[in-house]
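Colleague: I've got the model open and would like a close look at one spot before I get lost in the whole thing. Could you pick a residue, tell me what surrounds it, and then work outwards to the charged pairs and the rest of the fold?

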Amino acid sequence: MAAPPSSASACSSERWPPLESSPDVFNQFMWSLGVPQGEAEFHDVYGLDADALAMVPQPVLAVVFCFPDPPENPTNPPEEVLATATEEKQETSDDVYFIKQIESLGNACGTIALLHAVGNAYSETLLKNSCLDLFFKSTASMDPYERARVLEKDDEIARAHSLAASAGDTELPDDVEEHYICFIALNGTLYELDGMKGGPIKHGSTSSESLLQDAVDIIKAIMHKIPDAMNFNIMVLSEKPK
C-alpha cells in the first residue's frame, strides 16, 4: 500500500516501487544491507493449520504479512475493517523500533516491514558499518516521523529497494493494492507494526515460542474481514541454526 496520494506520488512510486512478497527477494535485500547471511533468513508460511505452522523454522523472530487493501466503503473505512477484536491500543514505546510510512515513501511498506523486523530482532548483530547498522544507529533516538524522513533520503536503501523490486518473478504495477505489516515479540508482548498507523499496536502477551501462532490469530481476524480477497502471503524471519 502506498501512502495517501498527492502530486509527489509519481516520484515516490518510482523511487520506492512495490516489492514482491517472496523470501528470495526479502533475503537478498536484507543480506545486501547488512544482516549476516548465516544469522537469519525469511521463509514462507504455507498454511495456517497446526501441521503447516509446525514446519516453519524456529525460532521465529518476526512475522511479515502481506494482504490486499480492504474495498472502499465510506460507511466502513479501511482502518475500521482492519481493526481486530484483540487490538488493545496504539502506544509509543521506547523499546519498539517503529517507522511511519509517510507519503513520500511511496510503496515502501515492504521495506518498512523489513526494517521493523530487523530493527526489533537483529539490530545488535548487524555487520559493522553496513547500511542497516548505520541507519539504525543514526535513527535510534528519533521519533517515527524523523526516521521516515531519514529513510526517504537514504539513497543506499532506496537503491537496494529498487534492485529487490526488480528481482521478483512477478511484474507489479505501481498502484498495487497490497500492504505489508509486521508482528514482533518484545518484552513478552505481541506488537503489530504498520507504518500506515499511528504507532505500534499491542495485542497482549506472547513469547518467542508462541509468536507465530499468536500473530496468526491476529492475521486470521484480518483475513476474515476481507472475505473475497485471495492475495494473502505470510513470511517469517527465522534465526538460522548455529
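**Starting from one asparagine**

Modeller: Leaving aside residues up to four places away in sequence, asparagine 27 touches Glu41 and Phe42. It's worth saying right away that this is a predicted model. Asparagine 27 sits in helix H2, which covers residues 23-33. Is asparagine 27 buried or exposed? With a relative accessibility of 4%, asparagine 27 counts as buried. If you click on it, then, look for Glu41 and Phe42 as its contacts from further along the chain.

Now for the charged pairs. Generally speaking, side chains of opposite charge can pair when their charged atoms come close. Searching the whole structure turns up five salt bridges. One of them joins aspartate 155 to arginine 15, with 2.8 Å between the closest N and O atoms. Aspartate 155 belongs to helix H8 (residues 155-167) and arginine 15 to helix H1 (residues 9-15), so this pair ties together parts that are 140 residues apart in sequence. Aspartate 155 is partly exposed, at 42% relative accessible area, and arginine 15 is partly exposed too, at 29%.

Another bridge stays within a single helix. Arginine 149 pairs with glutamate 152, and their closest N and O atoms are 3.5 Å apart. The two are three residues apart in helix H7 (residues 144-153), so about one helical turn separates them. Arginine 149 is partly exposed, with a relative accessible area of 44%. Glutamate 152 comes out at 18%, and because the cut-off for buried is under 20%, glutamate 152 counts as buried. There is a third member here as well: Arg149, Glu152 and Lys153 are linked in a network of salt bridges.

Then there's glutamate 192, which makes a salt bridge with lysine 197, the closest N and O atoms being 3.2 Å apart. Both glutamate 192 and lysine 197 are buried.

Have a look at helix H9 too. Running over residues 211-224, H9 has 14 residues and reaches 20 Å from its first C-alpha to its last, close to the 20 Å expected at 1.5 Å a residue. Its buried residues are Leu211, Leu212, Asp214, Ala215, Val216, Ile218, Ile219 and Ile222. What do the buried residues of H9 pack against? Their partners are helix H3 (50-54) and strands E2 (60-68), E4 (178-186), E5 (189-193), E6 (201-205) and E7 (233-239).

Zooming out, the protein is made up of nine helices and seven strands. It has 242 residues, of which 52% count as buried. Take the contacts with a separation of 6 or more, and 77% of them are between residues 24 or more positions apart. The exposed area is about 11,500 Å², with carbon and sulfur atoms supplying 51% of it.

Last, a word on confidence. Mean pLDDT for the protein is 86, and 82% of its residues reach 70 or more. Residues 5-10 have pLDDT below 50, and the model gives that stretch three contacts beyond near neighbours in sequence. Residues 73-77 also stay under 50 in pLDDT, with one contact beyond four places in sequence.

Conventions
Residues are numbered from 1 along each chain as its sequence is written. This is a predicted model: local features need pLDDT of at least 70, side-chain atom pairs count only at pLDDT 80 or more; totals for chains, interfaces and linings use all residues. Side-chain values use heavy atoms; hydrogens and water are left out. Helices (H or I, at least four residues) and strands (E, at least two) are DSSP runs, numbered from the N terminus. Buried means under 20% relative accessible area, exposed over 50%, partly exposed in between (1.4 Å probe, protein chains only). Contact means heavy atoms within 4.5 Å. Accessible areas come from the Shrake-Rupley method with a 1.4 Å probe; for residues, only the protein chains shown count as cover. The expected span of a helix is 1.5 Å times one less than its number of residues. A salt bridge is a side-chain nitrogen of Lys or Arg within 4 Å of a carboxyl oxygen of Asp or Glu. pLDDT is the predictor's confidence in each residue, from 0 to 100.
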